[in-house]
Structures are given as structure tokens and as C-alpha cells.
Amino acid sequence: MRSFWASLGVVAVVMAHASAALILGPQPAPTDPVLGTYRCTGTGDDGAAYELTLTVTAHQDAYRLVWTDQGTPAFAGFGVRVSDVLAVIFSGPHGVASVAAYRMAPGELVGDWTDGDGAVRTETCRRGQPA
């Protein structure tokens with residue numbers, strides 16, 4: 001539970017400052033280590049394992065994230081980077097807002113996410129071939 005509140009706190013602080021970062025912060029460089037395609041695995045709301053492709057692109061001073069399932073868009077959102085954390089807000093086909101906080105490591109993003117149901121789930125995204 002502590003991880004959830006810590007992650008949620010990071011997301012809240014980052015999102016509160018997102019508008020200033022979008023106006024004042026430097027645009028992600030083309031060599032930014034966050035940019036690229038990842039294969040993500042995790043467990044969904046229903047308890048079933050999933051595998052999705054995540055594409056992270058630069059969007060002005062922030063990041064645009066799109067998760068696809070066999071080429072079909074499943075979720076989309078945006079995020080900001082603070083040190084080695086990528087804070088993200090996203091939604092899926094039902095329009096439910098969700099938040100995630102990914103810890104950045106070489107070649108991967110390891111995150112905790114929730115869609116507000118009170119459960120915190122994990123997702124690991126490794127750079128490489130699409131799912």
C-alpha cells in the first residue's frame with residue numbers, strides 16, 4: 001500500500017506541474033532513452049495476464065504513450081518525466097482514467113498502475129519487439 005501512495009503522490013505532483021513543464025521544459029531529445037517501442041506484460045483487472053505493445057513518442061515537452069493489442073489501439077495517454085520516474089495518465093476504450101508511475105531502468109519501464117478501483121497492479125515494459 002505504501003508503494004501505491006508513493007506512486008500516486010509522484011503522479012499528483014507531476015500532473016500538478018505538467019502545464020508549467022509543457023510550457024517551460026525542454027522538449028525530449030530524439031535520443032531520449034524513454035522514446036521507443038516496448039513489450040509490456042502484466043495482470044489486468046480481471047486477473048488475466050496480458051501482453052501489449054507500448055509506443056512512447058515525444059509530444060512537445062511531454063510524452064505520448066499508446067498501448068496496442070496486436071496492432072489495435074487499447075489505451076492512450078500522456079506523461080512527464082521527473083528524474084527516473086515516468087508519471088502517466090491514460091484511458092482505454094471505456095474512458096476510465098487511470099494513472100501509472102514507471103521506474104526507469106536501462107531498456108525497461110517497471111510500473112505500478114490503478115484505474116481507481118483501489119487495486120494497484122504492476123506492469124513491466126521491456127524495449128524490443130512488439131507483442
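**Strand β5 and its neighbours**

Strands β5 and β6 make up a hairpin in which five residues lie between the two strands, and Gly95, in the turn, has a positive phi of about 75°. This hairpin belongs to a predicted model, and it is a convenient place from which to follow the pairing of β5 on either side.

The pairing of β5 with β6, the strand of residues 97–105, is antiparallel and extends over seven bridges. Within this pair, Phe90 has Ser98 in β6 as its bridge partner.

Turning to the preceding strand, β4 and β5 also run antiparallel, and seven bridges join them. Here Arg81 is found opposite Leu86, a residue of β5. The hairpin that β4 and β5 form has two residues between the strands, and in this hairpin Ser83 adopts a positive phi near 60°. Strand β5 is thus paired with β4 and with β6, and its burial can be considered alongside these contacts: β5, which spans residues 85–91, is mostly covered, with five of its seven residues buried.

At the other end of β4, the chain leads back to the loop between β3 (62–69) and β4 (72–82), which is where Gly71 lies. Gly71 has a relative accessible area of 63%, and because this value is over the 50% cut-off, the residue counts as exposed. In space, the C-alpha atom of Gly71 is 8.1 Å from that of Thr53, although 18 residues separate the two in sequence.

Note on methods:
Residues are numbered from 1 along each chain as its sequence is written. This is a predicted model: local features need pLDDT of at least 70, side-chain atom pairs count only at pLDDT 80 or more; totals for chains, interfaces and linings use all residues. Side-chain values use heavy atoms; hydrogens and water are left out. Helices (H or I, at least four residues) and strands (E, at least two) are DSSP runs, numbered from the N terminus. Buried means under 20% relative accessible area, exposed over 50%, partly exposed in between (1.4 Å probe, protein chains only). Two strands pair if DSSP finds at least two bridges between them.
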